[in-house]
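Colleague: I have the sequence and the coordinates open. Can we go through the fold, one question at a time?

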Amino acid sequence: MHPTIKSVIAGFFILLIAFRLIELLRPRVQRLPMLRRGFWTDLGYWAFTPLVTRVVTAVGMLIVLAPVGYAIYGRVDLNLILHGHGPVSHLPLWVQGIGIVLTTEIIGYWMHRWFHSSGLWKFHAVHHSSVDLDWLSAVRLHPANDAGMKIATTLPVLAMGFAPVAVAGIMPVLTLLAILVHAHVDWDWGPLRGVIVSPRFHRWHHTDETAARDRNFAGLLPVIDMLFGTYYMPRDVRPTVFGTATSVPAGLVGQLAFPFRTRIQ
């Protein structure tokens, strides 16, 4: 269901209050001011991302995935696509859910690394341009970045026959987690730090400190970074410098245009 303006506004205030309360309970972490650097840009993204970027992504996915649906079913039928096809679609939904998560995680990891390469970095640099990183930074995302990631992770899932409905129930949880890992807190889940992504894990990904640059690409399972040698979680040390040396404009409109008119130096 596409979000409404009312739901976007309500969601903002609910999360704003929730994360400010969380920060009050974490005295070790120096709190950012409410109107921290980049606040108004990210507030713009809070509306732009769900109301515009999601539409761009949906159109892009339809253009790319419709031929796949037609090739499999002989017609483009959303209901059929959501319930999968072939032997894989007959597996229990929980098994398919695990398969979808693992497939999208591995592909998402390599796509994320690709977006850090020179060819695509100018799109992803927009997300990394937050110098005061908190939960609201999660929505600072270029539409081309979002569409590219969603198409790349969804196409193999559909081609293999998985039923996307298998993960419908956990999508809100994954969305909330994506916001949480940007939060201005130092959580790392203790002994589970290598099992599921945490704010500290992802904040190391956003730091501009040399030792941690291009690390922690996983969106959910840090073990993938461990497998491919990009895991970085030093004990008792926390990142302090965020942003990117790339000269990304400060405002929303400038950031949307940036990849199309600027050469990375």
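Modeller: Start with a cut-off. A residue is buried under 20% relative accessible area, exposed over 50%, and partly exposed in between. Bear in mind that this is a predicted model.

Colleague: Is Trp-189 buried, exposed or partly exposed?
Modeller: Trp-189 sits in the loop between helix 7 (171-180) and helix 8 (199-206). Its relative accessible area is 28%. Buried needs a value under 20%, and exposed one over 50%. Trp-189 is therefore partly exposed.

Colleague: What is the phi of Trp-189?
Modeller: Trp-189 is not a glycine. Its phi is positive all the same, at about 65°.

Colleague: Which residue in the loop between helix 8 and helix 9 has a positive phi without being glycine?
Modeller: The loop runs between helix 8 and helix 9 (223-227). The phi in question is near 55°. The residue has a relative accessible area of 0%, so it is buried. It is Asn-216.

Colleague: Is Val-197 buried or exposed?
Modeller: Val-197 is found in the loop between helix 7 and helix 8. Beyond its sequence neighbours, Val-197 contacts Leu-177, Val-181, Trp-189, Ala-218, Gly-219, Leu-220, Leu-221 and Pro-222. Its relative accessible area is 3%, so Val-197 is buried.

Colleague: How far apart are the C-alpha atoms of Val-197 and Ala-125?
Modeller: Along the chain, 72 residues separate Val-197 and Ala-125. In space, their C-alpha atoms are separated by 21 Å.

Colleague: At what angle do the axes of helix 2 and helix 10 cross?
Modeller: Take helix 2 (residues 39-73) and helix 10 (residues 252-261). Their axes come within 9 Å. The two helices are roughly perpendicular to each other. The crossing angle is roughly 70°.

Colleague: How many charged residues are in the contact of helix 2 with helix 10?
Modeller: Helix 2 brings Thr-41, Gly-44, Tyr-45 and Phe-48, and helix 10 brings Leu-252, Gln-255 and Leu-256. Four of these residues are nonpolar and three are polar. The charged count is none.

Colleague: What is the span of helix 6 from its first C-alpha to its last?
Modeller: Helix 6 (residues 143-160) has 18 residues. At 1.5 Å a residue, 26 Å is expected. The model comes close to that, with a reach of 26 Å.

Colleague: Which helices do the buried residues of helix 6 pack against?
Modeller: Begin with the buried residues themselves. They are Pro-143, Asn-145, Asp-146, Ala-147, Ile-151, Thr-153, Val-157 and Leu-158. Their packing partners are helix 2, helix 3 (78-82), helix 4 (93-115), helix 5 (121-124) and helix 10.

Colleague: Which residue just after helix 6 takes a positive phi?
Modeller: The phi there is about 100°. The residue is Gly-161.

Colleague: Which helix gives the largest share of the largest nonpolar core?
Modeller: This core has 43 residues, and Phe-12, Phe-19, Trp-46, Trp-135, Leu-136 and Ile-179 have the most contacts inside it. At least two residues each come from helix 1 (5-24), helix 2, helix 4, helix 7, helix 8 and helix 10. The largest share is five residues, and it comes from helix 1.

Colleague: How many residues are in the other core?
Modeller: That core lies apart from the largest one. Met-61, Tyr-73, Ile-81 and Ile-151 are among its members. Its residue count is six.

Colleague: Is His-142 buried or exposed?
Modeller: His-142 lies in the loop between helix 5 and helix 6. Away from its sequence neighbours, His-142 touches Phe-123, Val-126, Gln-255, Leu-256, Pro-259 and Phe-260. Its relative accessibility is 4%, so His-142 is buried.

Colleague: Is Ser-118 buried or exposed?
Modeller: Ser-118 is placed in the loop between helix 4 and helix 5. Its relative accessible area is 71%. The cut-off for exposed is over 50%. Ser-118 is therefore exposed.

Colleague: Is His-116 buried or exposed?
Modeller: His-116 is in the loop between helix 4 and helix 5. Its contacts outside its sequence neighbours are Trp-121, His-124, His-128, His-205, Asp-214 and Phe-217. Its relative accessibility is 14%, so His-116 counts as buried.

Key
Residues are numbered from 1 along each chain as its sequence is written. This is a predicted model: local features need pLDDT of at least 70, side-chain atom pairs count only at pLDDT 80 or more; totals for chains, interfaces and linings use all residues. Side-chain values use heavy atoms; hydrogens and water are left out. Axes are lines fitted to C-alpha atoms, for helices over the stretch in contact, and angles run from 0 to 180 degrees between N-to-C directions. Helices (H or I, at least four residues) and strands (E, at least two) are DSSP runs, numbered from the N terminus. Angles under 35 degrees count as roughly parallel, over 145 as roughly antiparallel, 65 to 115 as roughly perpendicular and the rest as oblique. Contact means heavy atoms within 4.5 Å. Ala, Val, Leu, Ile, Met, Phe, Trp, Tyr, Cys and Pro count as nonpolar, Asp, Glu, Lys and Arg as charged, and the others, Gly among them, as polar. Buried means under 20% relative accessible area, exposed over 50%, partly exposed in between (1.4 Å probe, protein chains only). The expected span of a helix is 1.5 Å times one less than its number of residues. A nonpolar core is a set of buried Ala, Val, Leu, Ile, Met, Phe, Trp, Tyr and Cys residues joined through side-chain atoms within 4.5 Å. Lists of a residue's contacts leave out its neighbours within four places in sequence.
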